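Subject: Structure handover

Hello,

I am passing on the structure you will be working with. Please have a look at it first; my notes follow below.

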Amino acid sequence: MTADTYTYQEGFGNHFTSEAIKDSLPKGQNTPQNCPFNLYAEQLSGSAFSAPRTHNQRSWLYRIRPSVVHSPFEPAKTSQDLVSKFDDNCIVTPTQIRWSPFDLPSNKEQVNFVQGIKTLAGAGDPACRSGLAVHIYTANTDMNKSAFYNSDGDYLIVPQKGALDITTEFGPMLVSPNEICVIQRGIRFSVDLPEKEARGYILEVYNGHFELPDLGPIGSNGLANPRDFQTPTATFKEESNVAWEIVSKFNGRLFKAQQNHTPFDVVAWHGNYAPYKYNLAKFCVINSVSFDHIDPSIFTVLTAKSDSAHYPVADFVIFPPRWAVTENTFRPPYFHRNCMSEFMGLIAGDYDGKSDGFLPGGGSLHSIMTPHGPDANVFKMASKSELKPLLMGKNTQSFMFETYYMLSITPWGIKTCGKVQEDYWKVWSTLENTFSPPVEK
Ligand SMILES: [Fe+2]
């Protein structure tokens, strides 16, 4: 398929309707005694039935067979690198950590998208619907008659290398680097790799769903505009006697069931619980046009809110190309200590806070109250640079998963991946005492 063969519906959180065959959606009701064309009606709930209307999410799927038609689930081999419980096997440290780009699978092994998910860090427990995980995925083969769904949380997927051709129950979507997608809890999907190689990042939240941030005094426009989110349209296959495997991540473990038909047989659907994608190039950047450095919350694309108005479970924040025009201002990120954990990744290009070592496909973690900021080289340069209007970060995209949780790092993240830069701390070690008080005469 080519990019223009995919069709999408625009909007964020809309009550969408989609029919692959005209009149396949029941008219005026959800569960008629007989659905059009003898389809089965099935509801997929994304919120408790009685959740407030503003947060109530569900979709109705009209499909050739209900998804319950499969053999019993059996435990499947769960890689020790896929972690959902951040216990004593993980380590905790306030030290600043940076990772070189994570390795792609070698040509000697075939690794699909699900097999290639390795957990870097996290907090909490999906059984208690609390916390999150940060994963890295690398893959070099299609999922081939295998579909996956996650019972534990919503996936926000950030491709860094190679597009993902994702077939979902709601229709297909092509997600390329500099785009992101969200696939919510329970939705079955299968990933093909048009470029035969893929690497990227996943933020998994165990509770709630991603939503657009409030804009406050910014007003009704700007940042990620709702119309730029794209949800797939109903596209189905009719197959009999074709073996499919359904893989479920359930409370951190993988399970497998078998069926003899495709799970992607939804002819029509309607509702507001559906996957979506977003092109980060469409983000409308808001920033200071006078002086000083604004907090990075101005770059929030999506937020997963907690039960408190005072902090989110996690924000997905980007640092897109933008004009820097501030006067008498140190323009790169300032030195700071944050009450939140900051995991950063780089999709392409350079990040303005670091002169080297932070590379596409790698990452960094600055944990709660851990000091960090521009490295010594950047500090020197930015303290002297001429402050003319400057287009920053052309062909660059970096991002941050910022979370209220204190993250533990998995054994894969700290050791097995082999990518921790042991001398990262040295980027600040040459910051000198340049204090020059007035000399008394
Ligand atoms: Fe920071």
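Is Y351 buried or exposed? With a relative accessibility of 11%, Y351 counts as buried, because the cut-off for buried is under 20%. Please keep in mind that this is a predicted model.

Annotated positions

I started from Y351 because the UniProt annotation "binding site", from an unreviewed entry, covers Y351 and H372. The two are spread over 22 residues of sequence, yet they cluster in space, with a largest C-alpha distance of 14.3 Å. Y351 is located in the loop between β25 and β26. Apart from its neighbours within four places in sequence, Y351 has contacts with F319, P333, M344, F358 and S398. H372 sits in the loop between β26 and α1. Its relative accessible area is 6%, so H372 is buried. Leaving aside neighbours within four places in sequence, H372 touches several residues, among them Y334, F335, H366 and W428. H336 and E342 also belong to the contacts of H372, and both of these come up again at the metal.

Iron site

The model holds an iron ion, which is coordinated by NE2 of H336, by E342 through two OE entries, and by NE2 of H372, at 1.9 to 2.5 Å. The angles subtended by the 4 donor atoms run from 57 to 154 degrees, and the arrangement is therefore irregular. Along the sequence, the donor residues follow the spacing H-x5-E-x29-H. E342 belongs to strand β25 (residues 341-348), while H372 is in the loop between β26 (363-366) and α1 (376-384), so this pair ties together parts that are 30 residues apart in sequence. E342 counts as buried because its relative accessibility is 6%. The side chains of H372 and H336 are also joined by a polar contact of 2.8 Å.

Sheet

Elsewhere, 9 strands make up an open sheet, in the order β1-β17-β21-β13-β10-β15-β8-β7-β29, with antiparallel pairing. The edges are β1 (8-10) and β29 (408-409); each has a single partner strand, so one side of each is left without a neighbour in the sheet. Within the order, β10 (residues 154-161) and β15 (residues 198-205) pair in the antiparallel sense over 7 bridges. One residue to look up there is I157, whose bridge partner in β15 is I202.

R63

The last item is R63, which is found in strand β4 (residues 58-63). The relative accessible area of R63 is 1%, so this residue is buried. Its side chain makes a polar contact of 2.7 Å with the side chain of E169. A polar atom of the R63 side chain also lies 3.1 Å from the backbone oxygen of R65. Beyond its neighbours within four places in sequence, the contacts of R63 include L39, Y40 and E42, as well as P263, D265, V266 and V267. E169 is in that list of contacts too.

To find your way around, I would begin at H372: this residue is covered by the "binding site" annotation in the UniProt record and is also one of the residues that coordinate the iron ion.

Regards

Terms used:
Residues numbered from 1 in each chain as written. Predicted model: local features only at pLDDT ≥ 70, side-chain atom pairs only at ≥ 80, totals over all residues. Heavy atoms only, no water. Donors = N, O, S within 2.8 Å, 3.2 Å for Na, K, Ca; no water. Tetrahedral: all angles 85-135°; square planar, octahedral: opposite > 155°, others 65-115°. Helix = DSSP H or I, 4+ residues; strand = E, 2+ residues; numbered from the N terminus. Buried < 20%, exposed > 50% of the residue type's maximum accessible area, 1.4 Å probe, protein only. Pairing = 2+ DSSP bridges. UniProt positions renumbered as here; feature names shortened; annotations may be inferred. Contact = heavy atoms within 4.5 Å. Polar contact = N/O pair within 3.5 Å; in protein donor to acceptor, adjacent residues only side chain to side chain.
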